[in-house]
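Keep the viewer open and make each selection as it comes up. The stops cover a helix, its packing, and then charged pairs.

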Number of protein chains: 2
Amino acid sequence: MSPEDRSSISYAEAGVDVEAAGRLVSRFARLARGTRRPEVIADVGPFAGLFRLTLAKGESASGGGYRDPVLVASTDSVGTKVKLAALLGRYHGLGHDVVSQNVNDIITTGAEPLFFLDYIGGCGLDDDAKLSIVRGVADACREAGCALLGGETAEMPGVYAPGDLDLVGFVVGVVERDAVIDGSRIGEGDVLLGSPSSGLHTNGYTLVRKVFGVGIGGDPAEERRRLSRRYPGLKGTPSAGSGQALGDELLRPHRCYYNELKTVMPRLKGIAHISGGGIPGNLPRILPEGLGARVDRTAWEVPPIFRLIQEQGSVAEEEMWRVFNMGIGMIVAVSPADAEAVRSALPEAVVVGEVVRGAGERKVICP
Amino acid sequence: MSPEDRSSISYAEAGVDVEAAGRLVSRFARLARGTRRPEVIADVGPFAGLFRLTLAKGESASGGGYRDPVLVASTDSVGTKVKLAALLGRYHGLGHDVVSQNVNDIITTGAEPLFFLDYIGGCGLDDDAKLSIVRGVADACREAGCALLGGETAEMPGVYAPGDLDLVGFVVGVVERDAVIDGSRIGEGDVLLGSPSSGLHTNGYTLVRKVFGVGIGGDPAEERRRLSRRYPGLKGTPSAGSGQALGDELLRPHRCYYNELKTVMPRLKGIAHISGGGIPGNLPRILPEGLGARVDRTAWEVPPIFRLIQEQGSVAEEEMWRVFNMGIGMIVAVSPADAEAVRSALPEAVVVGEVVRGAGERKVICP
């Protein structure tokens with residue numbers, strides 16, 4: 001390398017240090033290695049990740065290979081939950097969030113997650129923060145049995161303010177063609193079972209930030225103080241005798257439903273991931289034409305965090321249901337004959353309603 | 001929906017309009033439909049995109065199906081090129097950028113692109129801007145023969161300043177296991193052919209913005225004036241008699257190399273996509289241990305835009321080569337016996353160097 005003119009602009013001085021980024025990438029690669037499945041051919045890079053799809057020998061699906069594989073893919077970010085994580089310097093949970101958000105989307109088709117890629121865009125995030133995120137991503141991938149196949153970290157001064165970031169994920173799964181779950185077999189009288197959410201998951205944070213005045217660009221010390229406040233109604237853990245801190249509640253990672261649902265997949269006629277839009281925005285998406293859902297909102301107790309948000313922000317009841325999951329993260333539709341078997345496989349699940357004829361515009365009816 | 005308390009906070013008031021977003025999604029779905037391949041099972045959504053992988057009947061690969069498919073995936077954004085596009089309100093090219101950046105990464109393995117997903121994170125971007133981006137993505141997908149299988153648009157006030165955005169892409173391709181190109185067969189004396197870039201592609205924009213004082217948060221009118229300045233040396237199009245405007249040059253879309261390379265894939269021993277890190281940062285990534293590359297930088301003319309950047313910013317020569325592609329967007333390694341056949345299939349390609357023994361730390365040698 002020739003000696004550089006001291007008055008010249010280098011890329012590092014402009015805010016992008018290519019070499020430091022390279023060192024970090026090799027640490028990411030080590031984390032990815034811990035998620036490897038036998039199908040992964042190369043480590044992260046050089047330009048792409050490689051994953052060998054296992055096919056069935058001959059016509060039978062026995063032996064674990066796929067006969068007629070359908071690839072299922074999704075992308076999403078964790079929304080503005082990143083603002084709260086950055087404020088408290090707690091990044092590990094975001095890794096779980098971004099994996100769960102995407103894995104929960106693809107398993108609605110009956111798919112098995114195969115591999116995941118993450119993208120971190122940001123400005124001035126330190127290496128520890130990036131490593132925490134990727135460690136969380138790798139941990140969550142391992143739990144869901146999918147390989148962390150690659151990822152990208154982009155330093156983007158001018159697009160993000162210092163310390164800000166966006167965290168985006170991308171997952172690919174596979175499902176046998178004749179096992180695709182698409183809701184088309186759902187019929188009148190089918191039972192709707194709901195599995196509890198672990199909290200807000202990754203939706204509604206722009207509203208929550210406004211309600212509590214956190215992560216909105218105010219004085220960081222004051223915003224942190226607000227997040228550390230304990231509310232008596234919030235009891236997330238047994239140790240939270242005097243109430244859970246708001247920040248702990250809001251940063252609890254998005255729950256991944258793959259491990260509990262995979263054993264009962266063949267019995268499920270439809271699966272709705274309750275993310276942005278809540279139950280009224282997501283449940284109708286799996287219902288065939290002419291059918292609606294009658295949901296009994298008293299069938300489960302709405303967790304205290306949602307009532308706290310509602311009180312603090314004077315948020316209208318219907319708005320709450322349109323924005324938040326209100327305590328139910330996943331809803332599955334099963335025939336009445338299968339309901340008990342599925343419910344015993346999902347011990348925390350409750351009957352939240354049933355499929356009804358008609359319903360017109362408002363496909364989710366709440367008595 | 002019950003009447004809302006006027007003093008309550010709604011999600012739309014907090015900056016996220018779920019219903020308007022829903023209307024936009026159906027317009028995105030129409031654009032995606034124009035990229036559909038027979039393998040695509042569902043339209044965009046409800047929760048994920050489905051793509052049926054075509055397998056060979058029996059043991060032979062004839063008939064177009066895959067016998068032993070390896071999935072190849074990549075994710076990347078277009079970097080801070082978004083700042084210049086936003087400044088000029090010209091978004092369509094960004095769609096091409098994000099597709100080409102990712103497709104060029106996966107075809108380095110010999111893969112055929114199958115499907116793509118896009119993610120737009122931002123704040124206050126109007127619908128026309130988002131539609132322009134997705135239209136560009138769909139056009140570029142169609143050109144590369146891959147399906148736009150899904151995507152996500154996230155409104156994130158507080159993470160992005162109004163008008164700012166990040167554009168991230170994810171692509172999945174497939175290659176027959178025994179056709180994977182990984183550079184391992186590259187040997188001493190192999191010929192390196194380089195295909196011209198169309199400009200900066202998607203790298204080096206943070207440096208460029210600093211050099212020209214554009215997209216750095218200054219007075220927008222003044223920044224636009226700087227981008228509209230014509231430089232006599234820049235001759236991008238025949239009509240640019242008095243020189244191309246800087247903004248036109250900087251926004252020219254990233255070139256996609258799939259259509260030209262696919263016909264010669266079986267003859268290629270290694271493919272390096274020259275993106276961030278330039279030739280010295282990317283070419284070594286495909287070379288086996290103990291081999292280096294001797295690159296003759298006089299073998300092609302470095303396009304005027306790079307010399308203009310260098311002059312205006314007093315950027316050191318080596319720094320230019322480490323940050324920018326300097327006119328070569330893709331380098332392939334072929335045996336000397338194949339060089340002429342490959343070069344005639346890639347009429348714009350030039351011999352940029354050869355593979356040499358040794359080279360140690362500095363794997364790219366420039367005489």
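Start by selecting B:Arg142, which counts as partly exposed at 42% relative accessibility; the classes are buried under 20% relative accessible area, exposed over 50%, and partly exposed in between, with a 1.4 Å probe and protein chains only. This is a predicted model, in which local features need pLDDT of at least 70, side-chain atom pairs count only at pLDDT 80 or more, and totals for chains, interfaces and linings use all residues. Residues are numbered from 1 along each chain as its sequence is written, chains are lettered from A and ligands numbered from 1 in the order in which they are written, and side-chain values use heavy atoms, with hydrogens and water left out.

Add B:Asp139, the salt-bridge partner of B:Arg142, with the closest N and O atoms 2.6 Å apart. A salt bridge here is a side-chain nitrogen of Lys or Arg within 4 Å of a carboxyl oxygen of Asp or Glu. Both residues belong to helix H4 (residues 127-144) of chain B and sit three residues apart, about one turn of the helix. Helices (H or I, at least four residues) and strands (E, at least two) are DSSP runs, numbered from the N terminus.

Next, show helix H3 (residues 92-106) of chain B beside H4(B): their axes come within 6 Å and cross at roughly 45°. Axes are lines fitted to C-alpha atoms, for helices over the stretch in contact, and angles run from 0 to 180 degrees between N-to-C directions. That crossing makes H3(B) oblique to H4(B), given that angles under 35 degrees count as roughly parallel, over 145 as roughly antiparallel, 65 to 115 as roughly perpendicular and the rest as oblique. Residues of H3(B) that meet H4(B) include B:His92, B:Val98 and B:Val99, where contact means heavy atoms within 4.5 Å.

Move to B:Asp164 and B:Lys83, a salt bridge with its closest N and O atoms 3.0 Å apart. B:Asp164 lies in the loop between strands E4 (147-155) and E5 (165-176) and B:Lys83 in helix H2 (residues 81-88), so the pair ties together parts of chain B that are 81 residues apart in sequence. Both B:Asp164 and B:Lys83 are buried.

Finish in chain A, where A:Glu112 forms a salt bridge with A:Arg37 at 3.1 Å between the closest N and O atoms. A:Glu112 is partly exposed at 23% relative accessibility, whereas A:Arg37 is buried at 13%. Add A:Glu39 to the selection: salt bridges that share partners join A:Arg37, A:Glu39 and A:Glu112 into one network.
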